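Here is a friendly walk through some buried strands and aromatic contacts. Have the viewer open and follow along as the residues come up.

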Amino acid sequence: MALLISLVLVASLTQIIVGGSIFHTFSKVTLRIINIIFGVSIVFIILIVVMENGSPATTMAWILVLIFLPVVGFILYLFFGRNWRKKRLFGRKGYADTQILLTYIQKRPIKIENDWQNDLTAKLNRLLENNSKASLTVNNTVTLYNDTVSAFNAMLQGISEAKQFVHLEYFSIYADETGYTLQKMLIRKALEGVEIRFIYDDVGCWMLKKEFKHELRNAGVEFVPFMPVWIPFLNSRLNYRNHRKLVIVDGRKAYLGGLNIGDKYLSKKRYFGYWRDSLAEIEGQAALALQAIFLADWNFVTGKNLMQEALLDKYLPPPQADKHRFLPMQIVANGPDSDYDSIMQLYFACITYAKSSIRISTPYLILNESLLSALKIAAISKVKVQILVPDKPDHFLVFWASRSYFQQLLEVGVEIWTYQKGFNHSKVLIIDEEVLLIGSANMDLRSFNQNFELAATIYDKTVCAEAIKQFEEDLKHSSKINPAVFKHRSMFQKTKESICRLVSPLL
């Protein structure tokens, strides 16, 4: 495969520099040979794409890109398309994660004393136990934040109270006022003797200043990248990113949601204006489940196993059930190391099991055929479906690809609302006023298939009522799309949607 890549790159370079001096050094025969090699190589790569047995839509998208944009398509495929290494990249991680999670379950068994389940929650509970080893936790408390400034301040307060350790995972961090505020807090706690471990995504933090990293490390913070990528070495690691946003304090309190670290996420950028996001503050047994997932990720990125018997009580302290009320919850981890697309299956199950209402808040709406059909069937079955999306783009392709699904959904009665107050980045799903999903996963193919994500599945009517209250408040600052008006949008807009949808399986 390495030889094939070299030949294709040589052929590509030859084709690109058509008018330069390099071109004249090749005879016509040499150029013909290189073109034949290039053509055969592209055909061979197309065969590899087909033999991967991926979704037909994704396979056809890559074939079209390789045929019509052979040079650019080949480079894009190197970065984003190669799934054939996935098992080799993550096979060991999946095995190690399983062992760590099993240790957590065995050492911290959950006792359920009362019958709380109905048909919906029982089905979801069994699904998550089987597809992601998500153990049920019952003694928890949850506080929901829908204002990013309040959420960020709550996180800082939680970190300031840490006695033993703080564990963090973030996709994106900026060295701006917000980033330095968090940095100073972590440095302060590290100097106090609190252990700080921080996993940051290497691609999501490409622009993070070296000085920012050095200052953390010099203070004793273990600040490590998730799957670092060096562009000259074209490899598929670029395609698998850690999109999780997580803070854990002493194994007893955790913060989970869609909020990254930076000024724009605290509404300090003019283009986005008010940044709407969701965050859950979790205390109790579910915080331990999140801790077990972090320890598995830490083992993967550093090779350090903190789940040894001697360290178990420190990093997975026995839960203090008396401080928390009965609140059932499961923590779902999803990624390319998973046997199943756990969060996608969870969304699909929730939508198909819903009896009265479905409320979705997501910045991106890139659907596979299963999810699109599930939403349409729910709406046709007179389940009230409401979807809240941004009114302005932060990524051009994803924005217009998302809108390409609107007409099909609107035609069957789905309500689609666009957020007008600022930018909606919240990732929430509420089913029948009794199940809430909140976490880092967007409702798109990348979150479901390629990224490492986290979601909390909360089975509690009181928490759901608060989430519904926040959702309905968002609708007051949103505009409901009129199906008749949207149907007669301009041909230019329809063209943008169609073109972006064509490549949406690759996004």
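Let us start with a group of rings: Y174, Y265, Y271, F272, W275 and F423 belong to one aromatic cluster. Keep in mind throughout that this is a predicted model.

**Aromatic pairs**

Across the model, the count of aromatic pairs comes to 18. One of them joins F272 and F423: their ring centres are 5.3 Å apart and the planes meet at 75 degrees, so this pair is edge-to-face. The pair links distant parts of the chain, since F272 sits in the loop between β6 (253–257) and β7 (274–284), while F423 belongs to strand β12 (residues 422–424), 151 residues away. Are these two rings buried or exposed? F272 has a relative accessible area of 10% and is therefore buried; F423, at 0%, counts as buried too.

A second edge-to-face pair is formed by F399 and W400, with 5.1 Å from centre to centre and 90 degrees between the planes. F399 is buried at a relative accessible area of 11%, and W400 is buried at 12%. The cut-off behind these assignments is a relative accessible area under 20%.

If you like to compare geometries, remember that a pair of aromatic rings is described by the distance of the centres and the angle of the planes. Here are the two pairs side by side:

| Pair | Centre distance | Plane angle | Class |
|---|---|---|---|
| F272 and F423 | 5.3 Å | 75 degrees | edge-to-face |
| F399 and W400 | 5.1 Å | 90 degrees | edge-to-face |

**Lysines over rings**

Which residue lies over the face of Y271, a member of the cluster? That residue is K392, at 5.2 Å from the ring centre. Another lysine, K421, lies over the face of Y274, and here the distance to the ring centre is 4.4 Å.

**Strand β11 and its neighbours**

Now turn to strand β11, which covers residues 415–419. Why is this strand described as largely enclosed by the rest of the structure? Five of its five residues are buried, so the surrounding structure largely encloses β11. Both faces are covered: E415, W417 and Y419 are buried on one side, and I416 and T418 are buried on the other.

β11 has pairing partners to look at as well. With strand β10 (residues 384–390), the pairing is parallel and runs over five bridges; within it, I387 has I416 of β11 as its bridge partner. With strand β16 (residues 478–480), β11 pairs in the antiparallel sense over three bridges, and there Y419 stands opposite S478.

**Strand β2 and its neighbours**

Strand β2 (residues 165–170) is mostly covered, with six of its six residues buried. On one side the buried residues are F165, H167 and E169, and on the other they are V166, L168 and Y170, which leaves both faces covered.

How does β2 run relative to strand β3 (residues 195–201)? The two are parallel and joined by six bridges, with E169 having I199 in β3 as its bridge partner. Between them, the chain passes from β2 through helix α9 (residues 177–191) to β3 in a right-handed β-α-β crossover.

β2 also pairs with strand β5 (residues 246–249), this time in the antiparallel sense over four bridges. In that pairing, H167 stands opposite I248.

Conventions:
Residues numbered from 1 in each chain as written. Predicted model: local features only at pLDDT ≥ 70, side-chain atom pairs only at ≥ 80, totals over all residues. Heavy atoms only, no water. Buried < 20%, exposed > 50% of the residue type's maximum accessible area, 1.4 Å probe, protein only. Pairing = 2+ DSSP bridges. Phe/Tyr/Trp six-rings, centres within 6.5 Å; stacked < 30°, edge-to-face > 60°. Lys NZ or Arg CZ within 6 Å of the ring centre and 35° of its normal. Right-handed = clockwise from strand over helix to strand, strands pointing away.
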